[in-house]
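I set out to look up the strands, the annotated membrane segments and the exposed nonpolar surface of this chain. My notes follow in the order I took them.

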Amino acid sequence: PRPAAARGAGALAMVPSGAAAAATPVTPLEVEHQRDAEAWMPEPERPAPLPALRDRVLADGRMRAWLLRWECLVGPPEAEKVPFETSPAVPLFPSATARLLAPFDRLVAWCARGAEGPTVCSPAELGADSGEDNREARQDSQSRCRGRLQMAFVTVSLLVLVLCYWAHLFAAGTDLGDPLPLDCSNYFSKYAMGFGASKCGLNASECLDRTSWYAVRCAGWCATKQVHPLVDRVVGNGPFRVDSRICNVGVHAGLIGAEGGCFDVRVGGAARSFAAGKRNGIVSFAFDSWYPLTLEVRASSGSRFCSYGAWWALLLLNLALLFLLTLLRPGRQLFFWSMLTLLYWYVALASSISSVTMKDAMTSLGSFAFFCLACYVFLWKVGGAKHFFADTASGAPFDVMLLEILPALPMMHMHLLALFIGDYNLDGAILKDWRPMVIYGTGAAVVMPAVCCICRQWYRARCLRWLICFALSAAAAIIIMTLIFSTADWGLHIHHYFISLTGYLFARGRSRLATAFRAFCLGAFVNGLVRWGRPEDIPIWHPGSGWLPDSGKVDAAAVAASRAARVVWTAVDVLAGGKVTLAWGLVGDLQKSCDNPPQATGDAAPVYVVEMNHVEVYRGHSTSWTFALPPAILTGNGNVSGHAYFRVGAVNRGANTGISSASRVLAVRSSTPPTEVYYNSSADACQRASVLQGQPPSSLAGFI
């Protein structure tokens, strides 16, 4: 082969076409002479190209300022014209980088030689002028082989990750079959203890049968996640009340550890009382009275792949795959999107250390499209990742891992950090407690030096004034809109992925500080979009946090009507044979007459519900009823107090369901006097209601 200049139109002119070719034969020697002559011919002068659009805009003084401000935000079209500080020419640990890249470069060269096939002619036979062509062909071949290796590596990595995530989430099993995945706060809603929430029917007749054993698989870190013990409660120390949180019961009983696991559970029979205790980091409460249903647990036999403790192994696997990909020198765009994909699915499937159902996985798959769109617009285009992200094709694995990925890891686990420092929203409620102000103030103090250094880079790029004006304008617009929305009880509620996105857009340039700051913000951005990035959560205003009420006045008549509809106890009498008679009424009826309160009849009469120890024992229109106390609480001994806890409420008669008004819980004993503070026998209904309503808090010490 000859140089490209020698293989031009002149060589083709020496070879006539058509009839002339037959009349004028051309020898190979003449063709060779013509090629050598044309190789030394000067190239014809080409017309000067028209000035680029950017240069023409820069020449216009009116548009120059706007173009420079836009390039401060999204970056200019050419990397060498970036107005911000560029990264150092020497990568981190250059000698170690060269040693790491050398084997992979040799692998690519070997694959390229294999793809070229055997060499027919040696370079000496081809001539010295063929060296540049050989070099270009070799580089093209290596580039193609490198691209094939990169795509093969990405494909194999995705298959490996899919298998690992499937084994982590869906491969668990026991001798009883596939376990039911549960979170730390799950419980049997059928046995809910909210007033009127139980679905067990009158006297719990629909729930008294024991259930069979079945396996459950619980999330990890349940002891750490029990931030509010009354919410994620466990009642009892063995036996456990049936409304206890199932996974917390398993941790309390020692059947599973901090990494979660499998055990068997079923609903058992009644218990006289439930003692308090703290075991394995789980706090349990006491209930010093009888309840007809308990929660029984035991260890699962034949359990396999039940723990969620492999989350850190999945994290290391993702990091290792990204590091190996950098050694193949992928393009910036390929590595950037590979990194975002791996981080998204790790946060969605493994970082929560809890159960993920197939429905959750499909929901995450649908949200992935929204995530990619947001990253393309805000990170790749506007955020300038296509200019400022590390050039992985040049080979800088340590820069990528230490500056682009590792700073993102802490913020990717913000939901786990919240278990230790607390979870506080960034809204108007932040001013009501000192703890969120201390946490947010400490975080601001930590990042403030980096913010000041990045502001200096904006100043050196001559864009700081524009940045300040833009920030003040955006803040003023948000404040004005917040004041408007607060009149309808909508207040400011800023998600952390809004703050992290602002930080990512703010950190411009290729300096190592800006790169690490962008990675730090990227971790929070990925965590926020994966875990709280639903479309309904995108606005930064949420209901319930407004500064002004819904209307300008208070409806006093409505307040009085709601007070008149309150249900209160009016009498408690102990009868022989372990029975007790209770009476109740509405405050509005007592206000009409304390001696003989009127009672509504017919369709206008309210429907009352009475619960004893969270078990419904009466439903009807009557305002008094006689109840038989269970034999287990007639005589108090040990942990049993001899109390029965009663509560009465009026059923909602409108379109809504549930209880519209409920009395306070009344602790009733089977002996005389039946309550801790009792009324005189000559007291009227209003006086009796006042005494029963004013029972001391100590009377409910054993109630939960």
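Before reading any partners, I noted the rule: two strands count as paired if DSSP finds at least two bridges between them. I also kept in mind that this is a predicted model.

**Entry 1: the sheet with β10.** I looked up the strand order first. Three strands make an open sheet, ordered β9-β10-β11, and their pairing is antiparallel. At the edges I found β9 (426-427) and β11 (541-543), each paired on one side only. Next I asked how many bridges join β10 to β11. I found 3 bridges, with β10 covering residues 490-494. I then picked out a partner pair: L492 has W541 of β11 as its bridge partner. As a reminder to myself, strands of a sheet pair through backbone hydrogen bonds.

**Entry 2: the helix across that sheet.** Which helix lies across β10 and β11? I found α19, residues 464-486. Helix α19 runs at about 140° to β10.

**Entry 3: the second sheet.** I repeated the search further along the chain. Another open sheet of 3 strands has the order β12-β13-β16, again with antiparallel pairing. Its edge strands are β12 (567-575) and β16 (624-628), and each pairs on one side only. From one strand to the next, the twist averages 25°. I counted the contacts of β13 (residues 579-586) with β16 as 5 bridges, in the antiparallel sense. In this pairing, V580 stands opposite F627 of β16.

**Entry 4: the annotated segments.** I checked the UniProt record, an unreviewed entry. It lists several stretches as "transmembrane region", among them 151-171, 310-328, 335-355 and 466-484. I took two of these and asked what the model shows there. Residues 310-328 are 89% helix and 0% strand, with the end C-alpha atoms 28 Å apart. Residues 335-355 are 71% helix and 0% strand, and here the end C-alpha atoms lie 30 Å apart.

**Entry 5: the nonpolar patch.** Which residues make the nonpolar surface patch? I listed W166, F170, M358, M362 and L365, which together make a patch of about 510 Å². Two helices, α8 (131-170) and α13 (358-381), each supply at least two of its residues. Helix α13 gives the most, with 3 residues. I looked up M362 separately and placed it in α13.

Notes: Residues numbered from 1 in each chain as written. Predicted model: local features only at pLDDT ≥ 70, side-chain atom pairs only at ≥ 80, totals over all residues. Heavy atoms only, no water. Helix = DSSP H or I, 4+ residues; strand = E, 2+ residues; numbered from the N terminus. Contact = heavy atoms within 4.5 Å. Axes fitted to C-alpha atoms, helices over the stretch in contact; angles between N-to-C directions. UniProt positions renumbered as here; feature names shortened; annotations may be inferred. Patch = residues over 30% accessible without salt bridge, like charges linked within 9 Å, V, L, I, M, F, W, Y side chains within 5 Å. Areas by Shrake-Rupley, 256 points an atom, 1.4 Å probe, with all protein chains shown as cover. Salt bridge = Lys/Arg side-chain N within 4 Å of Asp/Glu carboxyl O.
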